[in-house]
Amino acid sequence: MARGKQTRKYVKQKFAQMKKMISVKDPRIAANQEKDKKKKVKKIVNEVPQVSSALFFQYNTQLGPPYHILVDTNFINYSIKYKLDIIQSMMDCLYAKCIPYITDCVLAEVEKLGRKYKVALRIMKDSRFERLPCLHRGSYADDCLVQRVTQHKCYIVATNDRDLRRRIRKIPGVPIMYIAHHRYTIERMPDAYGAPRE
């Protein structure tokens with residue numbers, strides 16, 4: 001009999017604890033839920049990306065000969081490694097005149113690498129390469145290239161860096177040039193402008 005009384009007492013305690021919970025229709029909960037809904041709506045409105053006027057059905061109308069190509073540090077290093085003339089190989093890939101551009105950040109990155117990359121530095125300072133001044137602080141080349149390509153859709157990015165390529169693929173209308181099988185290859189180039197087919 002003692003056991004039966006204990007269980008009844010235990011059930012009564014549990015039932016009493018359950019009664020203490022707030023009901024779903026409580027006005028305090030409803031007010032908090034309305035605030036959360038308003039916050040979510042505001043976030044969605046702020047996150048709409050601005051689409052560039054250069055894009056027409058995902059084709060970039062600003063791309064055309066002569067092509068403007070932003071060159072990254074590792075692209076030049078791989079070109080030296082595979083003994084490829086940069087400007088001539090770009091012309092062979094795109095079948096048109098190409099103007100390579102070097103930003104101040106990329107140049108600073110090569111200068112930081114030291115004497116080992118002396119040949120790359122000499123190639124970058126060639127008169128055929130155009131220089132683009134950087135107005136931002138710091139000298140991280142990947143962020144600089146992504147920022148410049150986001151603002152101006154007239155560039156092709158030449159890089160072998162996988163992380164940078166992954167970041168640039170998220171930006172619509174920007175082709176990527178890279179080295180594969182000892183030659184230059186380009187991806188995401190619209191067929192309308194005579195791009196080579198793979």
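Colleague: Which elements do the buried residues of α5 pack against?

Modeller: This is a predicted model, to say that up front. In it, the buried residues of α5 pack against β3 (67-71), α3 (73-81), β4 (98-103), α6 (118-124), β5 (130-132) and α7 (141-151).

Colleague: And which residues of α5 are buried?

Modeller: Helix α5 covers residues 104-113. Its buried residues are Cys105, Val106, Leu107, Ala108 and Val110.

Colleague: What follows α5?

Modeller: Gly114 does. Its phi is positive, near 95 degrees.

Colleague: Switching to strands. How many of the residues of β7 are buried?

Modeller: 4 of the 5. The strand spans residues 176-180, and with that much buried, β7 is largely enclosed by the rest of the structure.

Colleague: In which sense do β6 and β7 pair, parallel or antiparallel?

Modeller: Parallel, over 2 bridges. Strand β6 is residues 155-158. Val157 has Ile176 of β7 as its bridge partner.

Colleague: Where does the chain go between β6 and β7?

Modeller: Through helix α8, residues 162-169. That makes a β-α-β crossover, and the crossover is right-handed.

Colleague: What about β7 and β8, parallel or antiparallel?

Modeller: Antiparallel, over 5 bridges. Strand β8 runs over residues 183-187. One pair to look for: Met177 has Ile186 in β8 as its bridge partner.

Colleague: How many residues sit between the strands in that hairpin?

Modeller: There are 2. In this hairpin, His181 takes a positive phi near 55 degrees.

Colleague: New topic, Ser79. Where does it lie?

Modeller: In helix α3.

Colleague: Buried or exposed?

Modeller: Ser79 is buried, because its relative accessible area is 1% and the cut-off for buried is under 20%.

Colleague: Which residues does Ser79 touch?

Modeller: Leu84, Ile86, Ile179 and Tyr184, leaving out residues up to four places away in sequence. Ile179 belongs to β7, which spans residues 176-180. Tyr184 is in β8, residues 183-187.

Colleague: What joins the side chains of Ser79 and Tyr184?

Modeller: A polar contact of 2.6 Å.

Colleague: Last one, Asn60. Which strand is that in?

Modeller: Asn60 is in β2, residues 59-60. Asn60 counts as buried, at 1% relative accessibility.

Colleague: And how many residues along the chain separate Asn60 from Lys153?

Modeller: They are 93 residues apart along the chain. In space, their C-alpha atoms are separated by 7.4 Å.

How values were computed: Residues numbered from 1 in each chain as written. Predicted model: local features only at pLDDT ≥ 70, side-chain atom pairs only at ≥ 80, totals over all residues. Heavy atoms only, no water. Buried < 20%, exposed > 50% of the residue type's maximum accessible area, 1.4 Å probe, protein only. Contact = heavy atoms within 4.5 Å. Pairing = 2+ DSSP bridges. Right-handed = clockwise from strand over helix to strand, strands pointing away. Polar contact = N/O pair within 3.5 Å; in protein donor to acceptor, adjacent residues only side chain to side chain.
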